[in-house]
Amino acid sequence: MERKVAIVGAGISGLLACKYTLSKGFTPVVFEARSSIGGVWRKTLETTKLQTPKPFYQFSDFPWPSSVKEEFPNQFQVFDYLQSYAHQFDLLRHIKFNSKVVRIEYEGDSDEEVQAWELWGGNGEPFSCKGKWNLTVNDTQLLSTEVYQVDFVILCVGRFTDVPNIPEFPPGKGPEAFHGKVIHSIEYSAMDFASAAEFIKGKRIAVVGFQKHALDISMECSAVNGEKNPCRVLYKTEHWNVPDYEPWGLPLAYLYFSRFSELLLHKPGEGFFLSLLATILSPVRWGFSKWVESHIRRKLSLEKFGMVPKHSFLKEISACLISTVPEGFYDRVEKGSIVLKKAPKFSFCQKGILVDGENTPVETDLVIMATGFNGEKKLKDIFASSNFQDCILGSPIASVPFYRECINPRIPQLAIIGFSESISNLYTSEMRCRWLAELLDGTFKLPSIKEMEKDAERWDKYMKQSSGVYYRRSCIGVLHIWYNDQLCKDMGWNPKRKKGFFAELFEPYVPSDYCPSYR
């Protein structure tokens, strides 16, 4: 009996889900709302580059072409790489473009019966003889609607597109009070380079945010307007944004992506010995963080600009918050074409932005809100069932309740890939898609719902302890190997992928270590 699998989204996670379900004999249908693959890489800022070193951002069985020499390829090179991958494995014929999934509805047991289950799906299996999903799909070209019925749904909708995250303001103190223009970074990114340059030319601009998008946009604004109309960057807190991935000449991967580095950390589900070892080695853990911090402080002259964070680099990387500083960013700060201004809280007024505690507004013509995206809303709103909407993300003060960061135990015949973050999302998404394909193929079964929920609680405790105030509900941080070990054990693979004791302990793990030819 043929099982129908639907994949929502043709970004990196969607392509991987398509490839690995195909490898198990399924015939997936991928619904992509836009006209091409690529997700966030389909259209982004002209100057955006990959912010993860290339060896950590590649498919395990499809290396980067030799023509790409850069350690951090630009957006066009990344997009071409994804296109080549899709062609290599003949994925495009399985994708329905311009097909937006607006709603998914479960057809089977009632909400009450579902909540009473002890096993996922009632039987612990990924498929059910009576459970189906109905997907309502809008054709954005023909302006028509069609309903598809499938046996399993893989949501690869991502969390860094489509739904802007806009801070809330008191009545009369939001963007409506401002006589200039307010846009989100998603609108700016949608412009081509020439249009964006013309749009910002000659304007007094304020960029709100201090992550990758904010830094890249401020660089583009300063390049166009120079010191005459400096770009003001309003930020809530300082961050350990990295100038490179080789602190004092030592690759960062040796400090945070090896088995030895993970021995320094407390881990969810660890036994007494590993817990004791992490405690004993805590001075080494502290030393690694200080090593990186000292390099960043020196290379970016953070003291000079008052930009030294109060938290540790370890907390930053554990929360998946690190991003690369564009080359020359602080040079422009020093020359005056970029002005940094701390603004933990602010509101709008007629002339611009008023930072809490100040009387004089930051006068501006254009405010670009680089404040991220509301991926939680996008994921929640796709469900027709209010019960599934309530349980998909769990409690707002806990991590998303996904077993192995993929399965919500309370929602049958459905997986989510690409929502929970890591330092390298491609790397992590590929492992999750391979794990999911083995689950669909019957290689292993999931534990009971209660056991899965307890496991999610252990990861939640780890995330809160490791990230502190920067806890973000969905990030495995610097436990790539520990996490991948669990997936490997589920699939019956040998989790130790290196050759030799010292290589296994000290060499960084990269995607090619999990190449499909080696189990």
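**Reading cysteines, a helix and empty space**

Guide: Cys 391 has a relative accessibility of 16%, so Cys 391 counts as buried. Buried means under 20% relative accessible area, exposed means over 50%, and partly exposed is in between (1.4 Å probe, protein chains only). The model is predicted: local features need pLDDT of at least 70, side-chain atom pairs count only at pLDDT 80 or more, and totals for chains, interfaces and linings use all residues. Residues are numbered from 1 along each chain as its sequence is written, and side-chain values use heavy atoms, without hydrogens and water.

Visitor: Is Cys 129 buried or exposed?

Guide: Cys 129 is exposed, because its relative accessibility is 76%.

Visitor: How many disulfides does the structure hold?

Guide: A disulfide is a covalent bond between the sulfur atoms of two cysteines. The test here is a pair of cysteine sulfur atoms within 2.5 Å. The structure holds one. The bond joins Cys 320 to Cys 475, with S to S at 1.8 Å. The torsion about their S-S bond is about 75°, so the disulfide is right-handed. Cys 320 sits in the loop between helix 12 and helix 13, and Cys 475 in the loop between helix 17 (449–467) and helix 18 (480–491), so the pair ties together parts 155 residues apart in sequence. Both Cys 320 and Cys 475 are buried.

Visitor: Why is the sulfur of Cys 391 too far for a bond?

Guide: The closest cysteine sulfur is in Cys 406, 16 Å away, which is too far for a bond.

Visitor: What is the phi of Cys 320?

Guide: Phi of Cys 320 is near 55°, a positive value in a residue other than glycine. Glu 405 also has a positive phi, near 65°. Glu 405 lies in the loop between helix 15 (386–391) and strand 16 (414–416). Its relative accessibility is 5%, so Glu 405 is buried.

Visitor: How many residues of helix 1 are buried?

Guide: Helices (H or I, at least four residues) and strands (E, at least two) are DSSP runs, numbered from the N terminus. In helix 1, 10 of the 12 residues are buried. Among them are Ile 12, Leu 15, Leu 16 and Tyr 20. These buried residues pack against several elements, including strand 1 (5–8), helix 2 (75–88) and helix 16 (425–440). Packing is read from contact, heavy atoms within 4.5 Å.

Visitor: What span should helix 1 have?

Guide: The expected span is 1.5 Å times one less than the number of residues. For helix 1 (residues 12–23) that gives 16 Å, and the end C-alpha atoms are 17 Å apart, which agrees. Just after helix 1, Gly 25 takes a positive phi of about 90°.

Visitor: How many cavities of 30 Å³ or more are there?

Guide: Rolling a probe the size of a water molecule over the atoms shows where empty space is left. On a 1 Å grid over the protein atoms alone, a cavity is a set of points where a 1.4 Å probe fits but cannot get out; a pocket is an open set with protein on both sides within 12 Å along at least five of seven lines; lining residues have an atom within 4 Å of a point. Points join across faces, edges and corners, and a volume is the space filled by probe spheres set on the points. The count is two cavities. The largest holds about 40 Å³. Its lining includes Lys 43, Tyr 188, Phe 193 and Glu 220. Helix 4 (185–189) and helix 5 (193–200) each give two or more residues to that lining.

Visitor: Which residues lie nearest the centre of the second largest pocket?

Guide: Pro 243, Val 325, Pro 326, Glu 327 and Gly 328, out of 25 lining residues. This pocket has about 640 Å³ of space. Helix 13 gives the most to its lining, with four residues.
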